[in-house]
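Me: I have a structure open and some questions about its pockets, cysteines and a few single residues. Can we go through them one by one?

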Amino acid sequence: MRLLIENARIIDPSQSLDKVTNLYICRGRIRAIQDTTPEGFSADQVIDGTDKWILPGLVDLHARIAEPGSRYEGNIASETKAAVSGGITTICCPPDTTPVNDTQAVTELIQRRARQAATAFVLPLGAITQGLEGKMLSNMAALKNAGCVALSQAAHSIQNALTLKNAMAYATSIDILLMLRCENSQLKNNGVVHSGVISSRLGLPEIPASAETTALARNLILAEETGARIHISQISTARSVEMIAEAKKRGLKVTCDVAIHHLHLTEYDVMDFDSLFHVSPPLRSHDDKEALRIGVKTGIIDAIVSDHTPLDRDVKLLPFGESEPGISGLETLLPLTLKLVQEGDIDIQAALGALTHRPADILGIQNGSLQEGHSADFSLYNPETVWTIKRSDMVSQGDNSPFDGWEFDGQVEATYFQGRPVYRNNPV
């Protein structure tokens, strides 16, 4: 199959590319991006891309896809469909599945189901410790050999410093990335909202910023001592941004990401006790939100993630403190990121870079780019479409989105995976 998309605005941060030209696809790979037809190329299909954008397939470093069986809604087939509807063609799934992804068998099951769905790349993250219990280390080498691109504890931070140090030493010896959430369970103390004026007003158990920053400080010190490559997942505080910036200046092998909802929402959004705003880490202060935005703009924060957590409606109808934390975020990752561009907070190259080649570079993969010879994973985006997200229209089996009713300018019209159309909104 040879595909030609003509006269589209092609934006690819991996090549610092932003121009109106043509995209040539051959046998599922990028053949060329240029004004003139490559020698010997004859298109089987031609699409008029006038006034449309072509964006590289997004790379989401943290999205739960609810398979094998877990408390989350949906499965690999349903959630990859939700992903491509939002322009995401590569997903990293954390190991908090049932059973936990701490063995080769579970890793291989996830890969097999992803191949059957054939909708997006699904990259498993193996568990750092057996059962995610934070005690005995998993067989990291076996997980890497089975295809895990990195190791993670999902939302379960390792509390024992010696266990974490041993994990870093093991990971360093086999050269695999550790993806770490920073949370001190004693300081969290079963809290559910950010410690501030809103928690005091609502009387809800609070989580101080220090629950994140003290764990982050420990992790950075141990990474410096062991030489481990670490990625800090879902930071939420201004001080965390400062600490990671300092660590990078000292030469530590550290990267980080932020969940997209932390760039838009704050502690004030929980004022109505709406459990749709219950997330972990919690929504922080306005100053934290602004510092996170600056972190993305300056490149201190390397990636933006959906932290997709599809949940049943029943667990979100419980009182705030008893509800499950999490947002269904695959379908809002791109529109919420581009809203930051429209608001003038982040330029389009930095914003899209945090969704494409920068997370791919963290993993050491070629995804998230339109470079010649790479897999033809991209979306056709109409910047003129005005639409409103509705929970009833969401593709994901979990519709627990606090952005219900938000209006967006611009929408994905079609997504291609390995040169094949896997999603169409409007015929193009």
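Me: What volume does the second largest pocket have?
Reply: This is a predicted model, and the value is computed from its atoms. For the second largest pocket, the volume is about 350 Å³.

Me: Which elements give two or more residues to the lining of the second largest pocket?
Reply: The lining of this pocket counts 18 residues. Nearest its centre lie Glu-331, Trp-387, Asp-393, Gln-411 and Tyr-423. The elements that give two or more residues are helix H11 (333–342), strand S16 (378–388) and strand S17 (407–417).

Me: How many residues of each class, nonpolar, polar and charged, are in the lining of the second largest pocket?
Reply: Tyr and Trp count as nonpolar, Asp and Glu as charged, and Gln falls among the polar ones. Sorted that way, the lining has nine nonpolar, six polar and three charged residues.

Me: Which residues lie nearest the centre of the largest pocket?
Reply: The largest pocket holds about 440 Å³ of space. Its lining of 25 residues splits into eight nonpolar, nine polar and eight charged. Nearest the centre are Arg-71, Ala-155, Lys-188, Ser-280 and Pro-325.

Me: Why is there no disulfide between Cys-182 and Cys-256?
Reply: A disulfide needs two cysteine sulfur atoms within 2.5 Å. The closest cysteine sulfur to that of Cys-182 is in Cys-256, and the reverse holds for Cys-256. The structure holds zero disulfides. The gap is too far for a bond, because the two sulfurs are apart by 9.8 Å.

Me: Is Cys-256 buried or exposed?
Reply: The cut-off for buried is under 20% relative accessible area. Cys-182 falls under it, at 8%. Cys-256 has a relative accessible area of 0%, so Cys-256 is buried.

Me: To which side chain does the backbone nitrogen of Cys-256 lie at 3.0 Å?
Reply: The partner sits in the loop between helix H9 (286–298) and strand S15 (303–305). That residue is buried, with a relative accessible area of 8%. A polar atom of its side chain lies 3.0 Å from the nitrogen of Cys-256. The side chain is that of Asp-302.

Me: Which side chain makes a polar contact of 2.8 Å with that of Asp-302?
Reply: Beyond its neighbours within four places in sequence, Asp-302 is in contact with several residues, including Thr-255, Ala-354, Arg-358, Pro-359 and Ile-362. The polar contact of 2.8 Å is with the side chain of Lys-248.

Me: How many residues of helix H1 are buried?
Reply: Helix H1 covers residues 76–85. Its buried residues are Ile-76, Ser-78, Glu-79, Thr-80, Ala-82, Ala-83, Val-84 and Ser-85. What covers them includes strand S7 (88–93), helix H2 (104–117), strand S8 (121–127), S17 and strand S18 (420–424). The helix is mostly covered, and the number buried is eight of ten.

Me: Which residue's side-chain oxygen reaches the backbone nitrogen of Ala-77?
Reply: Look at the start of H1. There a side-chain oxygen comes to within 3.1 Å of that nitrogen. The oxygen belongs to Asn-75.

Me: Which residue just after H1 takes a positive phi?
Reply: Step past the end of the helix. The phi there is about 85°, and the residue is Gly-87.

Me: Is Ser-328 buried or exposed, and which backbone oxygen does its side chain reach?
Reply: Ser-328 lies in the loop between helix H10 (313–316) and H11. At 1% relative accessibility, Ser-328 is buried. Among the residues it touches are His-308, Thr-309, Met-394 and Asn-400. At 2.7 Å, the side chain of Ser-328 reaches the backbone oxygen of Gly-398.

Me: What relative accessible area does Gln-418 have?
Reply: Gln-418 is in the loop between S17 and S18. Leaving aside neighbours within four places in sequence, its contacts are Gly-28, Phe-121, Ser-375, Ala-376 and Asp-377. Gln-418 counts as partly exposed, because its relative accessible area is 35%.

Me: How far apart are the C-alpha atoms of Arg-424 and Ser-379?
Reply: Arg-424 is found in strand S18 and is partly exposed at 39%. Setting aside residues up to four places away, Arg-424 touches Gln-45, Glu-413, Ala-414 and Tyr-416. Ser-379 is 45 residues away along the chain, yet the C-alpha separation is 9.7 Å.

Definitions and conventions. Residues numbered from 1 in each chain as written. Predicted model: local features only at pLDDT ≥ 70, side-chain atom pairs only at ≥ 80, totals over all residues. Heavy atoms only, no water. 1 Å grid on protein atoms, 1.4 Å probe; cavity = no way out; pocket = protein on both sides within 12 Å on 5 of 7 lines; lining within 4 Å. Points joined across faces, edges and corners; volume = space filled by probe spheres on them. Helix = DSSP H or I, 4+ residues; strand = E, 2+ residues; numbered from the N terminus. Buried < 20%, exposed > 50% of the residue type's maximum accessible area, 1.4 Å probe, protein only. Contact = heavy atoms within 4.5 Å. Polar contact = N/O pair within 3.5 Å; in protein donor to acceptor, adjacent residues only side chain to side chain.
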